[in-house]
Amino acid sequence: MATPTEALEAVMPTTRELVLDLHRRMVRIRRFEERAGKLVESGDMPGFLHLYVGQEAVAAGVCSALTDADQITSTHRGHGHAIAKGADFRPMFAELYGKTTGYCKGRGGSMHIVDMNRGMLGANAIVGGGIPIAVGAAFASQYRGDGTVAVSFFGDGATNIGAFHESVNMAAVLNLPVIFVIENNGYAEFTPQDRHMKLTDIADRASSYGIPGVIVDGMDALAVRDVALVAIERAKRGEGPTLIEAKTYRYFDHQGIKGMRILYRDPAEVEAWKTRDAINLIEAIGVERGLVSAEEFAEIWAQTEADIEDGIEFARNSPDPDPVDILDDVYTS
Amino acid sequence: MAIEILLPKLGLTMEEGTIEEWLVADGAVITIGMPLLRLATDKIDVDVEAEADGILARAVTDGATLKTGSVLGWLLENGESAPNGAAPSAPASDSTEPDAVRITTMQSPDQNEVVPSGGRAFVSPNARRVALELQVDLTRISGTGPGGRIVSEDVVEAAALTVHDATGGRPGKVLSPLARRDARDAGIDPAGIATDDGVVRRSDVRGAAASTPQTNASAALATTPVNQSGGSLANSETTSIIPMKGMRGTIAARMLQSLTEMAQLTHGFEVSMDAVVQLRADMKDQYVALGVAVPSLNDFVVRAAALALRQHPILNATIIDKEIHLLGRIHMGLAVAVPGGLMVPVIQDADQLSLPELARATRDVAERCRSGSISLDELEGATFAVTSLGTYGVDFFTPVINPGNVGILGVGRLRDSGKWEGETFVRTQVLTLSLTFDHRAVDGAPAAEYLQTISQLLARPLVLVS
Amino acid sequence: MTTRELTYVKAFNEGMHQVMAEDPDVFLIGEDVAGYGGVFHMFDGLLTEFGGTRVVDTPISEQAIIGLGVGAAARGLRPVCDLMFMDFVGVAMDQIFNQAAKMKYMFGGNVSVPLTITTAGGAGMSAAAQHSQSLEAWLAHIPGLKVAMPASPYDAKGLIVGAIRDDNPTIVVLNKKMLGVKGPVPEELYSIPFGVANVVREGSNATIVAIGRMVVEAEKAAANLEAAGISVEIIDPRSVQPLDIDTILTSVKKTHRVLVVHEAVEFGGIGAEISSQIQESAFDYLDAPVTRLAAPFAPVPFAPILENAYVPDAPRIEAVVRRLLERK
């Protein structure tokens, strides 16, 4: 895989702060997902969840390169993007519990987390549905000339939908500051990539639209961050969109932790990907390079645990929505 | 001195009449012109009105059938006794009849429409609401809306009448119960009828009805056989009862007689009216310029039917004791819908009349039927008849032959159709003729030939206006 | 106010010019809207006046056009996205009904989408089944969307301005057959809010609720009926979502008879909704069943004779009104 990591290292060195930052983002995602998954499986929490565990490096790497003014659009598997973009556990858990204190006041749930203050333009439960919206956000950046960019996260399956092709082409034609991030976890729901497209590298699709296509190790947050920075700089220079394919893996099922127990992938394949776990990798880098101690990483895990308990406690104690308000916010009046 | 109330002879052939009902109570104070009783003959029913002031002393009761000239009662002076010695009961005060009761008994709604077989009256929601507001009893109202539904206008009109009932009529307006009923049937506000003496009589209502645009619902009744259902309708919730007497009784008896005594069947026959429509349009201005009534399409058909009878005398016949008597003169009966029923005035020697004469005669008798001024003589002696339901949107129907005739021609609705002229499909206007004939006298083929002759006459209508 | 005669499309165009001049956040994007000025010349002159940043041609990508509008609107701009023919709504439907319509609610009120979609609907030009449809009932069915169908030059201008100023996703459906229809239009900028019906004509015997171009047909029918002594009230809801049912009910309570006319197919059309609401709220004021006159349940046909048979017109409206008022 072509990664510009080494070239970038000179100008953007791997610092202690960066390692801690990426680690914190990824640990927060992982523990949130594991706890939320258990809460749904235990029946404590309503609905169903598409969990992000395994893919943390993609959200963390990209979002660490963004500011709150930059916009992202996300997917049905969107908790990771929200957390990586800085979302708080309290309103996240509250939303998953369907409480008025949630990010969407209990109207959206797991698949529609939004945080406009942090540039989280919303998770989207229609596969590919967020891609054109990110193009629109980028259009607004260009229209206002405010130097912001937009990022759209989506999976390998979404690149087969019309909205993807229309959006990438239009963004290319209009030279918009948008980065398309394919999180290629190898499966469109339960269908493996070789059954849903002829390509091995989805980044090849970029050539159809006359834009750069970059492949990156989606288990390496530092590498992801580096390619994201390059694409962001390119976008800000007015050179248009970039298509990034991050090769990654989903540890849990399409839905839930254990899902429907459909045997569509080899358990050995899952175990093999886990040996390249993104959090293990950043901890190893931090310790090996003497940037962060194991104790400091442990402290992050512990703090995350405490934050999660606080979030769950907050959510459980929050008021339920009142059905008399069911028509609120259908329209802006 | 007591003035006799006699059973009037209303037509040359009238021999007897039946007292359908007295309209005022025994001992009531009567003023001249007030309707006293309803008299039924075998053709029509009429009101007998007071020819003088006085106090009523009845001599006969409802339902009596008597010879013409019989004494029905007297109009007495105050304190005078009836000639037969029976002293009338004390005069009642001003209001001789509880109107509400009278209305209930005399109400004769068009039952087929208001109370369908299911027993449910169709009333529009708005009519129900307005009826509640205006305190109107819906069971006393005939519906005039689509499908016979009672609509709010019916309720408002009924309410206006009810107000008059409650106050005994507006100042200067005295209304007989029957006139009130007729006004309701005809959809006329009796308060708007001007009379010389302030008394609104049935004849006044008829006159007003005749001068009002015709919105008559009664035509449907004309050929509707009386329901003789033998099954139990105990759970059908009768909401009102219409006595089958008077004109209704006459129609019932004659229609039943017709259908039980004859072998009736009906041909449907479509005729092109293009030539007639064109000719009528061409001539319309000339007729108007000459001040002559413009013949209607129906007049053309009647004219053609009359002329065609000359060529097909078998249809202008009567059956007497196993003999078919072909009749030399063609007297055309014309079915006319009137409030509460149907009349068939006769145009003598209809084949001898020019089209404008026929048109004028047709209008004249129809108007006099509706105004109630037709004489019994004019309702007698038809040798054939024409009935039209075209204006009601009917295409084909099965007219019922008037007893004594062997045929009747039904005229349907003028409607658009299409036909091939060579390679071109063109618009054409047609109507359907429905000829009912008595198979005892007339076979299918001759009946059809009569229709063909009419069709040919209508196709070349110049001969009809000559 | 200075008022003069303008065509429907010129009035719309004037509204676009004025509202873009008023608000720099308004931009226009769509297929052939800039260089060509829109296939119906709805957007003539906008590129010249406002430049390529605010008047933007796109590839033929309806989903991306609307999606771009959604994203830009979520960030506070006021996009006008053109879909040319209403039939193309289907191509972009996910962005319209799953994204634009739902964002406000789904995101707990945190996002507003002041997006305007313009498009042209209606039959009568032999444009056949994929360029003639009236799909307003589809759109009106989705909570979050607003749908207007201007029926006069005055409304064409006022409603596009009202749509753009509205903070919700709005769809303005112009009628292709009305583009050249002239009418009085004030020169000044004015706005007609959605959800306010227009009592086009006052009457007492029957109410016609007419949608879009059917207002024009209803007016012709009403003129004929007036000559026959029948007084007809015409209500143009202007927007089918939100629907100004109060104005309709007021009229129904006055006339007691209603006909709802639209170009869209009768089954499941907006007339079904209007009829249902009338009977729910004014049942006791009806003297006749609420009646609909609309297209038969078939795609729009091409041949002029078939298309004429398909779309309701003044003679048929007149006939139905007479039937509603029939008394024996």
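In this predicted model, strand S3 (residues 178-184) of chain A pairs with strand S7 (residues 242-247) of chain A, with six bridges between them and both running in the parallel sense. At one point along this pairing, Asn184(A) sits opposite Lys247(A) in S7(A). S3(A) and S7(A) belong to an open sheet of five strands, which follows the order S1-S2-S3-S7-S6 in chain A and has parallel pairing. The edges go to S1 and strand S6 (213-217) of chain A; each has a single partner strand, so one side of each is left without a neighbour in the sheet. As for twist, neighbouring strands here are turned by 20° against each other on average, direction ignored.

Strand S2 (residues 150-155) of chain A is a good place to look further into that sheet. On one flank, three bridges tie S2(A) to strand S1 (residues 71-73) of chain A, and the two run parallel. Thr73(A) has Ser152(A) in S2(A) as its bridge partner. On the pairing with S3(A), the count is six bridges, again in the parallel sense, and Ala150(A) finds its bridge partner in Val178(A) of S3(A). Getting from S2(A) to S3(A), the chain passes through helix H7 (residues 162-173) of chain A, and the resulting β-α-β crossover is right-handed.

How much of S2(A) is buried? Six of its six residues are, so the strand is largely enclosed by the rest of the structure. That holds for both faces: Ala150(A), Ser152(A) and Phe154(A) point one way, Val151(A), Phe153(A) and Gly155(A) point the other way, and all are buried. Helix H6(A) lies across S1, S2 and S3 of chain A, and its direction makes an angle of about 170° with S2(A).

H6(A) and H7(A) turn up again where chain A meets chain C. The contact draws 34 residues from chain A and 34 residues from chain C. On the chain A side, the elements that give two or more residues are helix H6 (130-144) and H7. H6(A) gives the most, with nine residues. Sorted by class, the chain A side of this contact has 19 nonpolar, 10 polar and five charged residues.

For H7(A), the partner to look at is helix H3 (residues 62-74) of chain C. The axes of H7(A) and H3(C) come within 8 Å and cross at roughly 70°. Since angles of 65 to 115 degrees count as roughly perpendicular, the two helices are therefore roughly perpendicular to each other. The residues that meet are Gly162(A), Ala163(A), Glu166(A), Ser167(A) and Met170(A) from H7(A), and Gln63(C), Ala64(C), Gly67(C) and Leu68(C) from H3(C). By class, this helix-helix contact is made up of four nonpolar, four polar and one charged residues.

Now for chain C itself. Its secondary structure amounts to 12 helices and 14 strands, and 60% of its 328 residues count as buried. Taking contacts in chain C between residues at least 6 apart in sequence, 80% join residues at least 24 apart.

Strand S2 (residues 26-30) of chain C has five of its five residues buried, so it is largely enclosed by the rest of the structure. Val26(C), Leu28(C) and Gly30(C) point one way from S2(C), Phe27(C) and Ile29(C) point the other way, and all are buried. S2(C) pairs with strand S4 (residues 78-85) of chain C in the parallel sense, over five bridges, and here Phe27(C) stands opposite Pro79(C). S2(C) also runs parallel to strand S3 (residues 55-57) of chain C, to which it is joined by three bridges. In that pairing, Ile29(C) stands opposite Val56(C).

Chain B has an open sheet as well, this one built from four strands in the order S1-S8-S6-S3 with antiparallel pairing. Strand S1 (3-6) and strand S3 (29-30) of chain B take the edges, each with a single partner strand, so one side of each is left without a neighbour in the sheet. S1(B) is held to strand S8 (residues 71-76) of chain B by four bridges, the two strands running antiparallel. Within this pair, Glu4(B) has Trp74(B) as its bridge partner.

Technical notes
Residues numbered from 1 in each chain as written. Chains lettered and ligands numbered in written order. Predicted model: local features only at pLDDT ≥ 70, side-chain atom pairs only at ≥ 80, totals over all residues. Buried ≥ 20, exposed ≤ 12 C-beta atoms within 10 Å, placed from the backbone. Pairing = 2+ DSSP bridges. Right-handed = clockwise from strand over helix to strand, strands pointing away. Contact = placed C-beta atoms within 7 Å. Nonpolar A, V, L, I, M, F, W, Y, C, P; charged D, E, K, R; others polar. Axes fitted to C-alpha atoms, helices over the stretch in contact; angles between N-to-C directions. Parallel < 35°, antiparallel > 145°, perpendicular 65-115°, else oblique.
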